[in-house]
Amino acid sequence: MILGCHVSFSENGLYGSAKSAHEYLANAFMFYTGAPQNTIRKSLKEEDILNAHEFMKTHQISLEHVICHAPYIINLANKTNLDKWNFSITFLRQEILRCLKMGVKKMVLHPGSALALSRFEALDNIVEALNQVMDGLDFTLLLETMAGKGSECGCTLEEVKYILDSVLEKNKFQVCIDTCHLNDAGYDLNDFDSFLDLFDQLIGISKIGCVHLNDSKNVLASHKDRHENLGFGTISFETLLKICYHEKLKEVPKILETPFVGYSINDKKRIYPPYRFEIEMIRKRQFDPDLYIKIREYYKNA
Ligand code: FE
Ligand code: FE
Ligand code: ZN
């Protein structure tokens, strides 16, 4: 199974990310090339890239299974402020070029927020922007299914389909299904086979290029988007496990974006990554109600 998680990129760039992924027992990972909420980017070091590739080769992490996540500040859906919209296009293109320098060929993107625009105007803006962004690039963008918080586009399969059907270079686009977002958008994952059938009818299963594997803090159709640790939310461990091991998604990387776990130790608040233990639960196919205790024990002396 191709199973990984979100990792930080700050220390030693891609090399640091690859080492974190391995520490979490992952054979795939996702990263932001810098802080997702700003545009400050460190220049890439050739040495870090070579070290990362070498490390990945010896630790069973294929570059095919490394995925970047586009920063949140990009919004392709609204061009009321033309400068802002053009900036989103330019910056997204820059981020893609950074990925290509590292040998990374895939990036997950939130389609965008309509804000005061109609859905149709917003979707057409996204399509127009994506055509500009991808022009001449050998790269795959994965549109993420969204929870429908605020005016988010891409919270129905029909909206995602509209974008995929309208872009010029269709072969450069895939979909990332986020389980928390699907639940919050109103898709009942307890009947996952029906969901896959629907997806297949509308878009085609072969277009699923990534799964974001998260539980949700909120109920079906809440339009909230708050991720929860696997088995501690409303989706349930059994359902998430079924998605993970689904025969039709065998080749698709599953990436965890579950929340860090917080503790107060000696009055100091610390937070720890849950991934190593959640990945273990999936591989063992066994929910561990003591997950939080285990995480604390493991990182206590770190
Ligand atoms: Fe996302
Ligand atoms: Fe996600
Ligand atoms: Zn989310």
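## Aromatic pairs, metal sites and packing in a predicted model

At a relative accessibility of 11%, Y32 counts as buried, since the limit for that class is under 20%. The model in which this value was computed is a predicted one, and the account below moves from this tyrosine to the metal sites, the nonpolar cores and one helix.

### Aromatic pairs

Across the whole structure, a search finds 17 aromatic pairs. In one of these, the ring centres of Y32 and Y72 lie 5.7 Å apart with their planes at 75°, so the pair is edge-to-face. The two tyrosines come from distant parts of the chain, 40 residues apart: Y32 sits in the loop between β2 (28-31) and α2 (46-58), while Y72 sits in the loop between β3 (66-69) and α3 (82-101). Unlike the buried Y32, its partner Y72 is partly exposed, with a relative accessible area of 48%. Elsewhere, a single aromatic cluster is formed by Y263, Y272, F277, Y298 and Y299.

Helix α3 also holds N86, a residue that is partly exposed at a relative accessible area of 34%. From C-alpha to C-alpha, N86 and Q37 are 17 Å apart in space, and their positions lie 49 residues apart in sequence.

### Metal sites

Two of the metal sites can be set side by side.

| Metal ion | Protein donors | Donor distances | Spacing along the chain |
|---|---|---|---|
| Zinc ion (ligand 3) | H181 (NE2), D225 (OD), H227 (NE2) | 2.0 to 2.3 Å | H-x43-D-x1-H |
| Iron ion (ligand 2) | E144 (OE), D178 (OD), H212 (ND1), E257 (OE) | 2.0 to 2.2 Å | E-x33-D-x33-H-x44-E |

For the iron ion (ligand 2), the four donor atoms subtend angles of 82 to 169°, which makes the arrangement irregular. A tetrahedral assignment would need all angles to lie between 85 and 135 degrees. The iron ion (ligand 2) lies 3.3 Å from the iron ion (ligand 1), and E144 coordinates both of them. E144 in strand β5 and E257 in the loop between β10 (254-256) and β11 (261-265) link distant parts of the chain, being 113 residues apart. Both E144 and E257 are buried.

The zinc ion (ligand 3) is separated from the iron ion (ligand 1) by 5.2 Å. Among the zinc donors, H181 in helix α6 (residues 179-185) and D225 in the loop between β8 (215-216) and β9 (227-228) again join distant parts of the chain, 44 residues apart. H181 is buried with a relative accessible area of 2%, and D225, at 18% relative accessibility, also counts as buried.

### Nonpolar cores

The largest nonpolar core has 91 residues, and those with the most contacts inside it are F29, F31 and L130. Helix α4 gives the most to this core, contributing eight residues. Leaving aside residues up to four places away in sequence, F31 touches a list of residues that includes H6, V7, F9 and L14, as well as V66, I67, C68, H69, M102 and V104. A second core of nine residues, separate from the largest one, includes I2, A28, M30 and C176.

### Helix α5 and V160

Which residues of helix α5 (residues 157-166) are buried? They are L157, E159, V160, I163 and L164. These residues cover an arc of only 165° around the axis, which puts them on the same side of α5. In general, an α-helix has 3.6 residues a turn, so residues three or four places apart point the same way. The elements against which the buried residues of α5 pack are α4 (119-134), β5 (140-144), β6 (173-178) and α7 (192-202).

Within helix α5, V160 is buried with a relative accessible area of 0%. When residues up to four places away in sequence are not counted, V160 touches L143, G154, V175 and I203. The C-alpha atoms of V160 and L202 are separated by 9.5 Å, although these residues are 42 places apart along the chain.

Terms used. Residues numbered from 1 in each chain as written. Chains lettered and ligands numbered in written order. Predicted model: local features only at pLDDT ≥ 70, side-chain atom pairs only at ≥ 80, totals over all residues. Heavy atoms only, no water. Buried < 20%, exposed > 50% of the residue type's maximum accessible area, 1.4 Å probe, protein only. Helix = DSSP H or I, 4+ residues; strand = E, 2+ residues; numbered from the N terminus. Arc of directions from axis to C-beta. Contact = heavy atoms within 4.5 Å. Donors = N, O, S within 2.8 Å, 3.2 Å for Na, K, Ca; no water. Tetrahedral: all angles 85-135°; square planar, octahedral: opposite > 155°, others 65-115°. Core = buried A, V, L, I, M, F, W, Y, C linked by side-chain atoms within 4.5 Å. Phe/Tyr/Trp six-rings, centres within 6.5 Å; stacked < 30°, edge-to-face > 60°.
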